[in-house]
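User: Could you take me through one part of this model, the place where the two chains meet? I'd like one connected explanation that also follows the helices involved.

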2 protein chains.
Amino acid sequence: MPFFPAFILANAGEAAHVPLVLLLVFGTAKVFAEICERFGQPGIVGEILAGVLLGPSILNWVQPDQILIALAEMGAMFLLFRVGLEVRASELFRVGKTALLVAVLGVALPFFAGWIVLAMEGAGRIEAVFVGAAMVATSVGITAQVLASKGWLEHRASKIILAAAVIDDVLGLLVLAFVSNLAKGHVDVLGLTATAVLACGFTLIIAKFGTRAFQRVVPEIERNVSTKEAQFNLALILLFGLSLLAVYVGVAAIIGAFLAGMAFSETADRRVQDLAHGTSELLVPFFLAGIGLRLNISDFASGSIIVISVILLIAAALTKLIGCGLGALTLGRGDALRVGVGMIPRGEVGMVVAQIGLSMGVIPGPIYAVVVFMAIGTTLIAPPLLNYAYRNCAPRAAEEDFTLA
Amino acid sequence: MPFFPAFILANAGEAAHVPLVLLLVFGTAKVFAEICERFGQPGIVGEILAGVLLGPSILNWVQPDQILIALAEMGAMFLLFRVGLEVRASELFRVGKTALLVAVLGVALPFFAGWIVLAMEGAGRIEAVFVGAAMVATSVGITAQVLASKGWLEHRASKIILAAAVIDDVLGLLVLAFVSNLAKGHVDVLGLTATAVLACGFTLIIAKFGTRAFQRVVPEIERNVSTKEAQFNLALILLFGLSLLAVYVGVAAIIGAFLAGMAFSETADRRVQDLAHGTSELLVPFFLAGIGLRLNISDFASGSIIVISVILLIAAALTKLIGCGLGALTLGRGDALRVGVGMIPRGEVGMVVAQIGLSMGVIPGPIYAVVVFMAIGTTLIAPPLLNYAYRNCAPRAAEEDFTLA
């Protein structure tokens, strides 16, 4: 548009940024989701690949800037909140013992696998231990999205995955605290105990008493409030508040979001579910594409980095599959496979651990790229494997929110 | 938490940012909305005041950073999209002639008033003309939110306000282009004509043919798409696309968002309306609080700045009230008052004009603060005035989306 007054173009640059990024990321994600579904692949794989395409790896049209990172974080929070709305805390406590075993085995195996792989590559002890710690935390968002969209959340294996993912996050926090202590040269037992008590206490108290507290308090507040959509606004405030508390006690914000949803599950009416669905429909593609945006293929120029990346990816997938599968083996091989596959995806938590190692100077830059590759790789392989593992499970009508347009 | 491992607190800082800002802004906005409603004032006044409280003026807890500005922009887009969904283009064309007169008088009077006030204060010609240009554009978001939430959108005066606001935005663009030309020392007639043709063409084409095009194309695409919530996703893509196009032709993104909603109004099913409602419930408080966040009371330390701010605020309110009211006088005094009051709020567009003047060096810093004060002041006085002007109008059941929780 050469005839265009210069001041308009100059200002269009900044004014166009938000709608441009929204259109590019959301639009590409949805187009790729459609393409993947046509080829019988889960749509979310397409949404992650859309991020890879738009990001520094290929087109470099979109940078993961502050705005996109915030939208991605909000997407993950709303996704887990919505999944929490579908889950009753009592059901998770019922599978608690199995979930604990799944989580413990699913933390131990990847931790030692990461340690051993790096040690065999000649890395130092602290570096190897840090990579092990980065392999630990399952990122339940991807699995939750597949289970929710296919109507499989009501399945027993799904409950175990969700409960185990919460425990896994607390264990991951402790592993990180421990290896950070190691890197600093002394193990602060008092500090570690305090971290453990705080994280476990927060999670257990919200899970155990949240539902009853919300059932009592929310209708009371609703009656006394004159603004519209009071219940939805209250739900959002509790969602943000518990996400923040979760970060303060040291676990991921999405664990707080999940607990908020679960605590609301017996209180939320249909209207709140619909409104929350609208927000997550808008925001979740930013979470998914945001994963792909973090990958930069040019980090993998050297042959040795590619080899170690592939080995670590295979180790990451197999150790969760075997560790978590073993933990759930008493439920039969079908459920063991479902649980094992569902726990494979890693995510931001692993990248954050690697970033801490990077900032402490115990992990070199290329190894950080390897961890990012591992996180994105596990995220991409999980959805098709989940489709396979759950192929004989009927979707539940209760999930019509997720399955019908 | 002094016993807390240092690495957790260090990382909690960054990880906590998004949930903390969401909780602070959304939570405070909703609490203040409730307080205002208790005192018989519109809730949105409270949400703007929440921004003033949290921002640099008082507590300085929240800065209008990239993330908040983006959320505010998205809030405005979704608000206007949702309002557009309730409006049929044919109804706006029916009131087109009146709306044109309302818009023209409502642009001319504030422009000359701003010019004269500044000239009387001893400002130079270019500076005075720029302030006049910053007084021109009505920001229809505030009025739209009041009309939508009270169920008054179906009223004839409301249709005129919406149509006039769209025309007003195009006229505002032309005024800005003209004064920018003046400041640069030569009037580029060809460029101005091109701007006018492009902006008018875009608006008229979408308004005139958008509805029919969407009615034909959307069901076609929906039939051929296998991803869930296809219609909502399509609506979002069109919303972002038209907002972006609007910015490119030079009008505000929210005008594109409004046109997208209006073009979708005959196609969107109940489900799309509910989902869009959820997103705007989440995002609109960021738009409202974001207005308050821009105010910095410390800019008004000197007596002369306070005097000129108050004079300009009164001039801004009266000239829209009288100018737009005169334009709608043929419909009777009640509707003239409603239209005049509904056109009072100024917003980002005025601030953007002042910013351009600032960056061109024709507006000094204190005068920029005066324009911001004028924009926020008109925004705060409009909602109670609208409540008064519409007090005898029954809300329409068709708006149950907005009026029932």
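Analyst: The contact takes 65 residues from chain B and 65 residues from chain A, where two residues are in contact if their C-beta atoms, placed from the backbone, lie within 7 Å. Keep in mind that this is a predicted model, so local features need pLDDT of at least 70, side-chain atom pairs count only at pLDDT 80 or more, and totals for chains, interfaces and linings use all residues. Residues are numbered from 1 along each chain as its sequence is written, while chains are lettered from A and ligands numbered from 1 in the order in which they are written.

On the side of chain B that touches chain A, the elements giving two or more residues are α1 (6-38), α3 (66-85), α8, α9 (189-224), α10 (230-249), α12 (270-293) and α15 (348-360) of chain B. Helices here are DSSP runs of H or I with at least four residues, strands are runs of E with at least two, and both are numbered from the N terminus. The largest share of that side, 18 residues, comes from α1(B). Sorted by class, the side has 37 nonpolar, 18 polar and 10 charged residues. For that count, Ala, Val, Leu, Ile, Met, Phe, Trp, Tyr, Cys and Pro are nonpolar, Asp, Glu, Lys and Arg are charged, and the others, Gly among them, are polar.

Now, how do the two copies relate? A turn of 180° and a shift of 0.0 Å along the axis lays chain B on chain A with an RMSD of 0.1 Å, using least squares on the C-alpha atoms of residues with pLDDT of at least 70 in both. That's the relation of a two-fold axis. Both copies use the same surface: 100% of the contact residues of chain B recur in chain A.

Let's pick out two of those helices. In α8(B), residues 156-184, the end C-alpha atoms are 42 Å apart, which agrees with the 42 Å that its 29 residues should span; the expected span is 1.5 Å times one less than the number of residues. Of those 29 residues, 22 are buried, and buried means 20 or more other C-beta atoms within 10 Å of the residue's own, with C-beta atoms placed from the backbone. Just after α8(B), Gly185(B) takes a positive phi of about 100°.

As for α10(B), 16 of its 20 residues are buried, so it's largely enclosed by the rest of the structure. Gly250(B) follows α10(B), with a positive phi near 110°.

Note on methods:
Buried ≥ 20, exposed ≤ 12 C-beta atoms within 10 Å, placed from the backbone.
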